[in-house]
Amino acid sequence: FEARFSGDLSIETNRDLFQKALRSKYPKLYVPNATPEKAPALQHYHFRRDDGSAVVGLAINSFMYTSFRYPGFPTFKGDIEEAWQVFSNLFEIPNFTRLGLRYTNKLPVIRDDHRRFPLSKYVTAKLDVVPGISGEAVYDMGLSVTSEVPGGRLRVSMTNDEGDGGLEILL
């Protein structure tokens, strides 16, 4: 989950209160490295769980929550709401420039003898983006589609890549 907004300097001056409120669940603090041409205040401070399963990030123009071990939507939502409550109690953000919820599914790719994988084994939606191109004989995947939906935009992307341990996955 990510919420973006116009910069608010109260975040810079009250970050310690945010850390204190989250410390019992997110005790590890990771401070962004200084990098050329990147404003430090726009980079997230990361507050991580001891087991590394989730992180809350805070910058002067952004709040984010990431779970690395998806516990199911009710738990995921509860964790976001808990961290968001801390954020909204400390900072008065009048308007948001972007709200986003992203889910990344990692599926192992199983190729046939010709090094192809049938997309229909992974995606139930009919993807006739380019007529005449078969989704049944895919060698490589790199697709991103952004569409207008009521209340904003929806971006769907798929790619195959090497995952943890060298296993090829479809993201």
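This passage walks through the fold of a predicted model, from its overall layout to a few individual residues.

The chain has 171 residues, and 29% of them count as buried. It holds three helices and ten strands. Read from the N terminus, the elements come in the order β-α-α-β-β-β-β-α-β-β-β-β-β. Among contacts with a separation of 6 or more, 44% link residues 24 or more positions apart.

A good place to start is the sheet. Six strands make an open sheet, lined up as S2-S3-S4-S5-S1-S6 and paired in the antiparallel sense. The edges belong to S2 and to strand S6 (98–100); each has a single partner strand, so one side of each is left without a neighbour in the sheet. From one strand to the next, the twist averages 15°. As a bit of background, strands of a sheet pair through backbone hydrogen bonds, and the pairing can be parallel or antiparallel. Within this sheet, S3 and strand S4 (residues 54–59) are antiparallel and share four bridges. Arg-48 has Val-55 of S4 as its bridge partner.

Further along the chain sits a hairpin. Strand S8 (residues 142–149) and strand S9 (residues 152–162) run antiparallel, joined by eight bridges. One of the matched pairs puts Val-145 opposite Val-156 of S9 as its bridge partner. Two residues lie between the strands of this hairpin, and Gly-151 there takes a positive phi near 90°.

Back at the six-stranded sheet, helix H3 (residues 73–90) lies across strand S1 (2–4), S4 and strand S5 (62–67), and runs at about 155° to S5. H3 also packs against H2: the two axes come within 10 Å and cross at roughly 150°. An angle over 145 degrees counts as roughly antiparallel, and H2 and H3 are therefore roughly antiparallel to each other. The crossing of H2 past H3 is right-handed. On the H2 side, the contact uses Leu-17, Phe-18, Ala-21 and Leu-22, while H3 brings Ala-83, Val-86, Phe-87 and Leu-90.

Next comes the nonpolar interior. In soluble globular proteins, nonpolar side chains tend to be buried together. Here the largest nonpolar core has 18 residues, and Phe-18, Val-56 and Phe-87 have the most contacts inside it. Helix H2 (15–22), S4, S5 and H3 are the elements that give two or more residues to this core. H3 supplies the largest share, with five residues. Another core, of seven residues, lies apart from this one and includes Val-109, Leu-119, Val-138 and Met-141.

Val-56 is worth a closer look. Setting aside neighbours within four places in sequence, Val-56 is in contact with Phe-18, Leu-22 and Tyr-26, and also with Tyr-45, His-46 and Phe-47. The list of its contacts goes on with Phe-63, Met-64, Tyr-65 and Ala-83. Phe-18 and Leu-22 turn up again in the H2 side of the helix contact, and Ala-83 in the H3 side.

Phe-5 is found in the loop between S1 and helix H1 (9–13). With a relative accessible area of 3%, Phe-5 is buried, the cut-off being under 20%. Phe-5 and Asn-61 are 56 residues apart along the chain, yet their C-alpha atoms are separated by 5.1 Å. Not counting residues up to four places away in sequence, Phe-5 touches Ile-11, the run of Ala-59, Ile-60, Asn-61, Ser-62 and Phe-63, and then Phe-87, Ile-93, Asn-95, Phe-96 and Thr-97. One of these, Phe-87, is also among the residues with the most contacts inside the largest core.

The loop between S2 and S3 holds two residues that make a handy contrast. Gln-43 lies in this loop, and at 13% relative accessibility it counts as buried. Leaving out neighbours within four places in sequence, Gln-43 is in contact with Pro-32, Asn-33, Thr-35, Lys-38, Leu-58 and Ala-59. Ala-59 is also touched by Phe-5. Glu-37 has its place in the loop between strand S2 (28–30) and strand S3 (45–48) too, but at 85% relative accessibility Glu-37 counts as exposed. The phi of Glu-37 is near 65°, a positive value in a residue other than glycine.

Definitions and conventions
Residues numbered from 1 in each chain as written. Predicted model: local features only at pLDDT ≥ 70, side-chain atom pairs only at ≥ 80, totals over all residues. Heavy atoms only, no water. Buried < 20%, exposed > 50% of the residue type's maximum accessible area, 1.4 Å probe, protein only. Pairing = 2+ DSSP bridges. Axes fitted to C-alpha atoms, helices over the stretch in contact; angles between N-to-C directions. Contact = heavy atoms within 4.5 Å. Core = buried A, V, L, I, M, F, W, Y, C linked by side-chain atoms within 4.5 Å. Parallel < 35°, antiparallel > 145°, perpendicular 65-115°, else oblique. Left-handed = near helix turned anticlockwise from the far one by under 90°.
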